[in-house]
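I sat down with this one today and kept notes as I went. Here is what I looked up, in the order I looked.

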Amino acid sequence: MNKEIFFEFPSAIMTLAEIIAYKRFEANADHPLYKNGFVSLNQIFDDVCDFSPVDQHIRNPYCKVNVYSEKTLSNLAEAIIENDEIRENLQAAYGMKFSVDFIYSSQIASIPTQDSERPFYANEFHRDMLFSSNVVKLFIALEDIDQTQGPTEWISKEESQKIVGIGVRRAEIKEHINDTFSFSRKKGQACLLNPHTNIHKAGIPEPGKFRSQLMVQLNPYMDWAINKDLYKRQFHREPNLPLLRNFGLRKPQVGRF
Ligand SMILES: [Fe+2]
């Protein structure tokens, strides 16, 4: 039996609760971010942000996490909130404002074949469960990423819905996938992706290759906001259940927009 079916209920409740609590604007179901579940951005982040880590910590033999200073994280979060293109995409697609709730930057390495089925860094096709259908992730390339470096891969919302609809188990998803989109980009380029509606995974770099990328988790909120725990959170696994977990932790960017 597909165990993920048990997570659909809390996800549907969270989706509805966010819509009731935070939806203030007309949403456009034909907006590419909503319709397809992803959109590429024109903004080049390398020009507006410093992504130099102050440290790196080893999560496992194939993944190093870049640790940023409080100042770097808050500058990046502010740059995201102040970015017209990001706000316009999110608001048009979902009719809501969003909060920057988690920033995660990592460098991944190749995984030897005998270990490649083990999930060292989300390297098997999945959807992010225990999130609503309104969660969006911003990906930023921290270097030029080509196909040999294991770019993030995903499929469209429509294809994902078909696979979810027929109850395919996580381990078997790859057998149902033909074409994927990939986050193969130049340094500083970015895209928005809904990780709950769109099946995705981290690619695995070829032997001897690495890939550096930054990910930002964005969840609906009453105002454009920044989570106060960004610094602390970078040392831990990605937080789920944002509606519950972020209670009292967001600082609205009042009066800015
Ligand atoms: Fe994921």
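Before counting any pairings, I fixed my terms: two strands pair if DSSP finds at least two bridges between them. I also reminded myself that I am reading a predicted model.

**Entry 1: the strand with many bridges.** I began with β4. It is joined to strand β10 (residues 210-221) by 12 bridges, and the two run antiparallel. For a landmark along that pairing, I picked Phe98, which sits opposite Pro220 in β10.

**Entry 2: other partners of β4.** Next I checked strand β3 (residues 63-67), which pairs with β4 (residues 97-109) over 3 bridges in the antiparallel sense. Here Val65 has Ser106 of β4 as its bridge partner. Then I turned to strand β11 (residues 225-227): this pairing with β4 is parallel, over 2 bridges. Ser99 is the residue that faces Ala225 in β11.

**Entry 3: a three-stranded sheet.** In what order do the strands of the open sheet run? I read β7-β6-β9, with antiparallel pairing. The edges are β7 (181-182) and β9 (200-201); each has a single partner strand, so one side of each lacks a neighbour in the sheet. I looked closer at one of the pairings and found 2 bridges between β6 (residues 153-154) and β7, again antiparallel. Glu153 has Ser182 in β7 as its bridge partner.

**Entry 4: helix α3.** I moved on to α3 (residues 70-81), a helix of 12 residues. From first C-alpha to last it reaches 16 Å, close to the 16 Å expected at 1.5 Å a residue. Which of its residues are buried? My list reads Thr72, Leu73, Leu76, Ala77, Ile80 and Ile81. Looking down the axis of α3, I find these buried residues within an arc of 165 degrees, so they line one face of the helix. They pack against several elements, including α4 (84-94), β5 (136-141) and α6 (230-233). My β4 from the earlier entries is among them too, along with β10 and β11.

**Entry 5: the whole chain.** I finished by stepping back. I count 7 helices and 12 strands in the chain. Its C-alpha atoms fill a box of roughly 50 × 45 × 30 Å along the principal axes. The radius of gyration is 17 Å, which agrees with the value near 18 Å for a compact globule of 257 residues. Buried residues come to 38% of the 257. Lastly, I noted that among contacts between residues at least 6 apart in sequence, 87% join residues at least 24 apart.

Notes:
Residues are numbered from 1 along each chain as its sequence is written. This is a predicted model: local features need pLDDT of at least 70, side-chain atom pairs count only at pLDDT 80 or more; totals for chains, interfaces and linings use all residues. Helices (H or I, at least four residues) and strands (E, at least two) are DSSP runs, numbered from the N terminus. The radius of gyration is taken over C-alpha atoms; the globule rule is 2.2 Å times the number of residues to the power 0.38. A residue is buried if 20 or more other C-beta atoms lie within 10 Å of its own, exposed if 12 or fewer, and partly exposed in between; C-beta atoms are placed from the backbone. Two residues are in contact if their C-beta atoms, placed from the backbone, lie within 7 Å. The expected span of a helix is 1.5 Å times one less than its number of residues. The arc is that of the directions from the helix axis to the C-beta atoms.
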